[in-house]
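Trainee: I have the model open but no idea where to begin. Please pick a loop and start there.

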Amino acid sequence: MIRRLLCTLALAQPLAAQPELVAARGLAHAVPGDLPTVIGYVDVAEMSWPLSEAVANAPATSVSSPTPVFQIRFPSGWIMVDAAMDREIAAAANDPSRFFDDRYTSAIAALRGAHLIVVTHEHYDHIAMVAHSGFADELAPKTMLTRAQMESLLHNPKMTQTPFDSTRAGRYIVVDYDRMVPIAPGVVLIKAPGHTPGSQMVYVQLASGREVILSGDVAFHHLGIETETEKPDSASRHMAEDRMAIAHELGWLHQAEQNGVSVVVSHDGDQLATFARHGILSEGLVAR
């Protein structure tokens, strides 16, 4: 049913002529049903790094960089966004983050209980639990990857740091879409290649009327969106980013904020904590 609905909706392509936010707002009601009520999150791992490594020309002030997973909760069930990594993949990638085993356990429980799982992009710290962990085979049939994300898993192991082979590809829901596609009431995927070929953002309209965009790694810190400043050139080159695409996306996200949308930056620990205090996000996940 999900595959059929996505194929039908993805064919509607008058989006290129519309401002992105207007289009996302319109598509938020394309799938009938109750809108989500809460966006929860938990940080599976965390490290500190200089702000100057996240935003070009920023001071070298130490800031928190977490590895979160997000849970879009509906009156009945939830969708997970991003899937972090396990210790094995983190070690293989020489990731210096401090790992929280209890949070990892809660993330796995929430992923196992989800109706659907999507990822903002194909880097290991956003995809490894659904592509590599001991629960990957169980999670695969409800994990929706884009064609570009799957191509990276299959053909660019340096990018994903996640062992994968073609015999596993058919277990996942693999979709392709032009610019945007609704996947649930109030939830719209927005294609955003630049950080990786398969990068996408997740627009969420809550029952309260609040609008949130889970922006993945378009920026590593909210300052990048606030000032429309990209990551340092050396970081972009290392990750083979499309800087022109990133610049456009930063500008669009800045405008979305000016229109009342809360833009969540995955690796900005201070912003996540602030959003939790203000009720924009809810710290912790539910599972049953």
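**Loops, a helix and some strands**

Trainee: Okay, what is the relative accessible area of E228?
Mentor: E228 has a relative accessible area of 42%, and it counts as partly exposed because that lies between the cut-offs: buried is under 20% and exposed is over 50%, with a 1.4 Å probe and protein chains only.

Trainee: Before we go on, what sort of model is this?
Mentor: This is a predicted model: local features need pLDDT of at least 70, side-chain atom pairs count only at pLDDT 80 or more, and totals for chains, interfaces and linings use all residues. Residues are numbered from 1 along each chain as its sequence is written, and side-chain values use heavy atoms, with hydrogens and water left out.

Trainee: Back to E228, then. Where does E228 lie?
Mentor: E228 lies in the loop between α10 and α11. Those helix numbers run from the N terminus; helices are DSSP runs of H or I with at least four residues, and strands are runs of E with at least two.

Trainee: And what is the phi of E228?
Mentor: About 55°, a positive value, although E228 is not a glycine. Most residues other than glycine have a negative phi.

Trainee: Which other residue that is not glycine has a positive phi near 55°?
Mentor: A240 has one, with phi near 55°. A240 sits in the next loop you should look at, the one between α11 and α12.

Trainee: Is A240 buried or exposed?
Mentor: A240 is exposed, because its relative accessible area is 63%.

Trainee: That loop leads into α12. How many residues has α12?
Mentor: Helix α12 has 16 residues, 243 to 258. From first C-alpha to last α12 reaches 23 Å, close to the 22 Å expected; the expected span is 1.5 Å times one less than the number of residues.

Trainee: What happens at the start of α12?
Mentor: A side-chain oxygen of D242 comes to within 3.2 Å of the backbone nitrogen of M244.

Trainee: And what follows α12?
Mentor: G260 does, and its phi is positive, near 95°. Unlike E228 and A240, this one is a glycine.

Trainee: Which residues of α12 are buried?
Mentor: A245, I246, E249, L250, G251, W252, L253, H254 and A256.

Trainee: What covers them?
Mentor: The cover includes two helices, α2 (20-27) and α10 (222-226), and also strands β9 (187-191), β10 (200-205), β11 (211-214) and β12 (262-264).

Trainee: New topic. Where is T196 found?
Mentor: T196 is in the loop between β9 and β10, and both of those strands are in the cover of α12's buried residues. T196 itself is buried, because its relative accessible area is 1%.

Trainee: Which side chains make polar contacts with T196's side chain?
Mentor: E122 is one, at 2.8 Å, and S199 is another, also at 2.8 Å. A polar contact is a pair of N or O atoms within 3.5 Å; within protein, one must be able to donate a hydrogen and the other to accept it, and residues adjacent in sequence count only if both atoms are side-chain atoms.

Trainee: And what else is T196 in contact with?
Mentor: Leaving aside neighbours within four places in sequence, T196 is in contact with H121, E122, H123 and M159, where contact means heavy atoms within 4.5 Å.

Trainee: I also marked A83. Where does A83 lie?
Mentor: In the loop between β3 (78-81) and α3 (87-92). A83 counts as buried because its relative accessibility is 0%.

Trainee: What does A83 touch?
Mentor: Not counting residues up to four places away in sequence, A83 touches V69, L111, V119, H126, I127, A128, M129 and V130. The C-alpha of A83 is also 9.4 Å from that of T120, which is 37 residues away along the chain.

Trainee: Last topic, strands. Which way do β1 and β2 run?
Mentor: Antiparallel: 12 bridges join β1 (residues 38-50) to β2 (residues 62-73). Two strands pair if DSSP finds at least two bridges between them.

Trainee: How many bridges are there between β1 and β4?
Mentor: There are 2, and β4 (residues 98-99) is antiparallel to β1 too.

Trainee: So what stands opposite E46?
Mentor: P66 in β2 and R98 in β4.

Trainee: And D101, where is its place?
Mentor: D101 is in helix α4 (residues 101-113). D101 is partly exposed, with a relative accessible area of 43%. D101 and A45 are 56 residues apart in sequence, yet their C-alpha atoms are 8.7 Å apart in space.
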